[in-house]
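Q: Please take me through a structure feature by feature, giving the general idea behind each reading before turning to the case at hand.

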Amino acid sequence: MSKEDLVPITSTPEWKALSKHYKKIQDVTLRDLFAADPNRGEDLTVEGGDLYLDYSKNRLTAETMTKLIALARRAGVEELRDSMFAGEKINVTENRAVLHVALRAPRGEKIFVDGVDVVPEVHAVLDRMGDFSNRVRSGEWVGHTGKRIRNVINIGIGGSDLGPRMANEALRDFTDRSMTFRFVSNVDGNDFWEATQDLDPEETLFIIVSKTFTTLETMTNAQSAREWSLAKLGDKSSVAKHFVAVSTNEAAVAEFGINPDNMFGFWDWVGGRYSFDSAVGLSLMVAIGPAAFSSLLEGFHAIDEHFRTAPIESNLPMLLGLIGIWYNNFFGAQTVAVLPYSDYLADFPTYLQQLDMESDGKSVDRQGRPIDCQTGPIVWGQPGTNGQHAYYQLIHQGTKLIPCDFIGFSRSRHKVGDHQNLLLANYLAQTQALAFGRSAEEVAAEGVPPEQVPHRTFAGNHPTNSILVPELSPYTLGQLVALYEHKVFTQGAIWNINSFDQWGVELGKKLAMEIVPELDSAAEPELAHDSSTNTLLRRYRRQRDNN
């Protein structure tokens, strides 16, 4: 089918039916919906793996979901999903397969790319990672002076940092507490200084994560790490004992001083933001051990299989994606808040920002045509209950519609007094308050002075999803990440965009490389930028040199 023959999703009867339906129910309240259906809180739920989704506190009906499911079928979400699992090159702008699902496929499963079963390759790398991790954790791997490795620093950026960093924090209670694990990503030298200033180079291992081994920020930090290490160790041969690489550029790795035997590879069908369950997660495997890492992969795979096999009507990632489409494209919501009620998931919303916004932040479709509807949302959030004392005020009583995902856990990693019950009471109370609010009559009935009633009235009718999980573990973390991966896939498929490239990050990188020589030049360079950039550049040079 040519791009001229492919009808934009907004021109389909299914989209038009949803637009008409939206006009009919846009003012219906959650109070009305729950009053009309006493079983709503039981009926509008779905399970996948260990994840339980209650989507009853959304401004939708069974008819809404039927129409959204019809839209997904019209968009070919199931067919594109099947093409992904089959190893077809659905990343059309880079002519690549999209097979992060192969990274967590069990040994013996068959997934083909260009006629080659990639699962044995995946497990060969996992086996090498496991052997290396065990050697570091046991103390068998020692540094140049014979001291045991006690500190591991992951150097990467984007997907080479956000995933391992988030998972290390999420699974902190599963890590080897006798070791220190840190992450350096920002080219700001303060990031590197803070990560290393209290460590001993003799006891520190760096994992450099860069597919090409040319990424500007990563290699700048890697060179600083090399200099920091050699300042004490002296001998250049020590680099081989204190540095390993996750890369595909063996020549550059060897030139840096890393033994190619200590290079862990991955594949062009793995996008950076989908990669921490590959060798990119080496620092995580060292932290939690191979067994826990395997459990993480099993959790990913459980949701992969659910996503691959469940019909849309009971497919948790697809339903979550469709609900997002409903608010993004029909209610006009600009953002979605992800609110995990676990302090261990402090970095989870940040991780999802790249996953969602780098994937679906596109304005042309897969055929290169401008898209005539809103695509990817702005993702944000932080753990409850902290956010309740910060920005929840705006969600409750502000003027913006902000759909929210609340993530809770039935069991805490550590029993401390009655903290867990208090935490979950807040998790439950916030969605209830957002849904139903408090009317002026209810406020007045409490004896509130009349002049205070408007200020204490809550409109309610704010939509939320409640995701409830038994406990946070490697297995359930894998499920949560896979849930959001496939949610993002679903939405990209409906918008007919390529969720697996990221050309938008390239221009700024190119321009930065053009500016660097102008900053380093001893003489005043001739500047050919716009007047703002030229003025800022000159002011920076003056302030930098004015010690």
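A: Let us begin with strand pairing: strand S5 (residues 151-155) and S6 run parallel and are joined by 5 bridges, where strands are DSSP runs of E of at least two residues and helices are runs of H or I of at least four, numbered from the N terminus. This is a predicted model, in which local features need pLDDT of at least 70 and side-chain atom pairs count only at pLDDT 80 or more, while totals for chains, interfaces and linings use all residues. Residues are numbered from 1 along each chain as its sequence is written, and side-chain values use heavy atoms, with hydrogens and water left out.

Q: Which residue of S6 is the bridge partner of valine 152, and what is the order of the strands in the open sheet?
A: Strands of a sheet pair through backbone hydrogen bonds, either parallel or antiparallel. Here valine 152 has phenylalanine 181 as its bridge partner in S6, and the open sheet of 5 strands follows the order S6-S5-S7-S8-S9 with parallel pairing, two strands counting as paired if DSSP finds at least two bridges between them. Strand S6 (180-184) and strand S9 (263-264) are at the edges with a single partner strand each, so one side of each has no neighbour in the sheet.

Q: Where does H21 bend?
A: An α-helix has 3.6 residues a turn, so residues three or four places apart point the same way. Helix H21 (residues 506-520) has 15 residues and spans 22 Å from its first C-alpha to its last, close to the expected 21 Å, a figure obtained as 1.5 Å times one less than the number of residues. H21 bends by about 25° at glutamate 514, with proline 517 following within four residues; the bend is the angle between axes fitted to the seven residues ending at a residue and the seven starting there.

Q: How many cavities of 30 Å³ or more does the structure hold, and which residues lie nearest the centre of the largest cavity?
A: Rolling a probe the size of a water molecule over the atoms shows where empty space is left. The structure holds 4 such cavities of 30 Å³ or more, a cavity being a set of points, on a 1 Å grid over the protein atoms alone, where a 1.4 Å probe fits but cannot get out, with lining residues having an atom within 4 Å of a point. The largest cavity has a volume of about 160 Å³, and of its 19 lining residues Gly324, Tyr327, Val336, Pro403 and Lys487 lie nearest its centre. H14 supplies the largest share of that lining, 5 residues.

Terms used:
1 Å grid on protein atoms, 1.4 Å probe; cavity = no way out; pocket = protein on both sides within 12 Å on 5 of 7 lines; lining within 4 Å. Points joined across faces, edges and corners; volume = space filled by probe spheres on them.
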